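Colleague: I have the model open and would love to go through how its parts pack together. Shall we take it one question at a time?

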Amino acid sequence: MLSMLNDLNFFKNQYLVTHQAIDNLINWSELILGKFFFYFHPSLRTSFTVNSNSELLIIGDVYNHNFPEKTNKEIAFDLNNNFFDFFDLLKSDYTLSLCGTFLIFYFSTKEDALFVVGDAATQRELYYLKDNEKIIALGATDKVINEFFPLKEKEDLYSKEFYNSNAFKKRKTFVCSSTNYENLYRLKPNFYLNISKCQDIRYFPFEKVKQVSLEEAIQRGAEIIKNYIKAANLRYQILIPVSAGWDSRLLLAASKDIQKEVTYYVLQTSPKGAKHYDIRIPRKLMLSLKLPIEIINYSKKLKQSEIKIAENSISFYRKENLEYIVNYFNKKHPNKITLNGNISEIARMEFDEVFNLNPKKICFLQKYPRLTYAEKQYAEWLNSNKILFEKNGLRVLDMLYWEENCANWAAKSKTEFSTFGTEVLSPFNSRELLLLLNGINKKYRRKQNPVIYKKIIQQLWPEVLCAPVNPGIKKIAMRITQYLGIFSFFRNLKLWWNMINLKER
């Protein structure tokens, strides 16, 4: 019986890595790296390079803001030829400057060892299956691994409670590196995987965040973001979302030099429809800039054939996401790449101060309250990392968003997009950029008062600030209370109230 992988409508842009050859897998590309066999769906972009000491493979797209014109292949060559070994590569300024949705596999002939590390927020997902302290398979999803290595659901009490909970059914995101299957794990941001030794190892943070002035962050930040967008535009036709928020406004400002080549759009998601400020403001803004914008209403439902592709290619997919992915991006703009503001939340302090942070409070922040499975893993994460983060000048809550939220819902979204043929680039997904923005005083990067974003926009394209940003009543109230320095008090009061009320129910 042939695998479903041989129907190329399924598992688009996915990959499978195994410790043994697979004979009945046709149509997929094959590569041997170290002692492992790599298989790629023909739609997946890969770049491979070899020298006498190492072999290096990049899966996905990678960009360097210092050299916007460089291709995936050229960047792969640089990574494989300019560093002494994998660890030298890992912490280099060159690697820090990279952005994209990618994985780097590195085989050291000297050590006879295979390593893999992802982009800054591991937006190119990687699942790996262990058997007796040996990694036997890796893949883009659990689905692709399960085609040849049958997976077993976890049966312990806490796991069953978590995965059967209404909270998980609504959120559909994993916790830390665990999954709902025995011995199946996910590579998380700031870790690399030594595949040969079956070890996942934290490598970041490896030094204290350098403090920079607001002026330096404005100048460098503007140039970095602009060049990432330029690099993407040199390779593909790009789409950029425009809403009433800060992230998309900054992306719009950074696209000034290529504005005539870009397709701008906004998704109409609110029940208020065209009356919502996320629609009214972009329409008014783009009219003032004399640029067209596509208003996308994605109420059209998926066909049964499209649902079948999703069900067989992605676990816990979000149907509401796929409706606009399929009906707008896949059908109207095939073979284009779309940008978004994901990962920006790390710099823009999505999680404001939480007093006396503990695993129970993290569960509430992550919308998994009173679930022992989640609480135990967050306790281990917090106890293992709190001192390390603080020692290196990083907020624990920023790192929580980085390692949990970005690597879960944001990465899953990119898998959903790529399964239906559209790649997504988050220009904020750059370790250099995130470190730069984390190096300024936190008063300049509050969620609703991101002074740094406003200053960068003024540097790049001040006219895009002619329309208000986030004018909703709730967000205005957040902005005022943040400015007065009392937002954290009210946020903690609300968190405490929610925890008390939940206990009483």
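Colleague: Is the crossing of helix 11 and helix 15 left-handed or right-handed?

Modeller: Happy to help, and do keep in mind that this is a predicted model. The axes of helix 11 (residues 319-332) and helix 15 (residues 396-419) come within 9 Å. They cross at roughly 40°, and the two helices are therefore oblique to each other. The crossing of this pair is right-handed.

Colleague: Which residues in helix 15 do Asn321, Leu322, Tyr324, Ile325 and Phe329 in helix 11 meet?

Modeller: The residues of this contact divide into five nonpolar, two polar and one charged. From helix 11, Asn321, Leu322, Tyr324, Ile325 and Phe329 take part. Their partners in helix 15 are Ser413, Glu416 and Phe417.

Colleague: Which helix gives the most to the largest nonpolar core?

Modeller: That core has 150 residues, and Leu79 and Ile145 are those with the most contacts inside it. Leaving aside residues up to four places away in sequence, Leu79 touches Leu56, Ile58, Leu89, Tyr94, Thr95, Leu98 and Ile104. A second, separate core of 25 residues includes Val17, Phe40, Leu114 and Leu187. The most for the largest core, ten residues, comes from helix 7 (residues 214-235).

Colleague: How many of the nine residues of helix 8 are buried?

Modeller: A residue counts as buried when its relative accessible area is under 20%. In helix 8 (residues 246-254), the buried residues include Trp246, Asp247 and Arg249. The helix is largely enclosed by the rest of the structure, because the number of its residues that are buried is nine of the nine.

Definitions and conventions: Residues are numbered from 1 along each chain as its sequence is written. This is a predicted model: local features need pLDDT of at least 70, side-chain atom pairs count only at pLDDT 80 or more; totals for chains, interfaces and linings use all residues. Side-chain values use heavy atoms; hydrogens and water are left out. A nonpolar core is a set of buried Ala, Val, Leu, Ile, Met, Phe, Trp, Tyr and Cys residues joined through side-chain atoms within 4.5 Å. Buried means under 20% relative accessible area, exposed over 50%, partly exposed in between (1.4 Å probe, protein chains only). Helices (H or I, at least four residues) and strands (E, at least two) are DSSP runs, numbered from the N terminus. Contact means heavy atoms within 4.5 Å. Axes are lines fitted to C-alpha atoms, for helices over the stretch in contact, and angles run from 0 to 180 degrees between N-to-C directions. Angles under 35 degrees count as roughly parallel, over 145 as roughly antiparallel, 65 to 115 as roughly perpendicular and the rest as oblique. A crossing is left-handed if the near helix is turned anticlockwise from the far one by less than a right angle, and right-handed if clockwise. Ala, Val, Leu, Ile, Met, Phe, Trp, Tyr, Cys and Pro count as nonpolar, Asp, Glu, Lys and Arg as charged, and the others, Gly among them, as polar.
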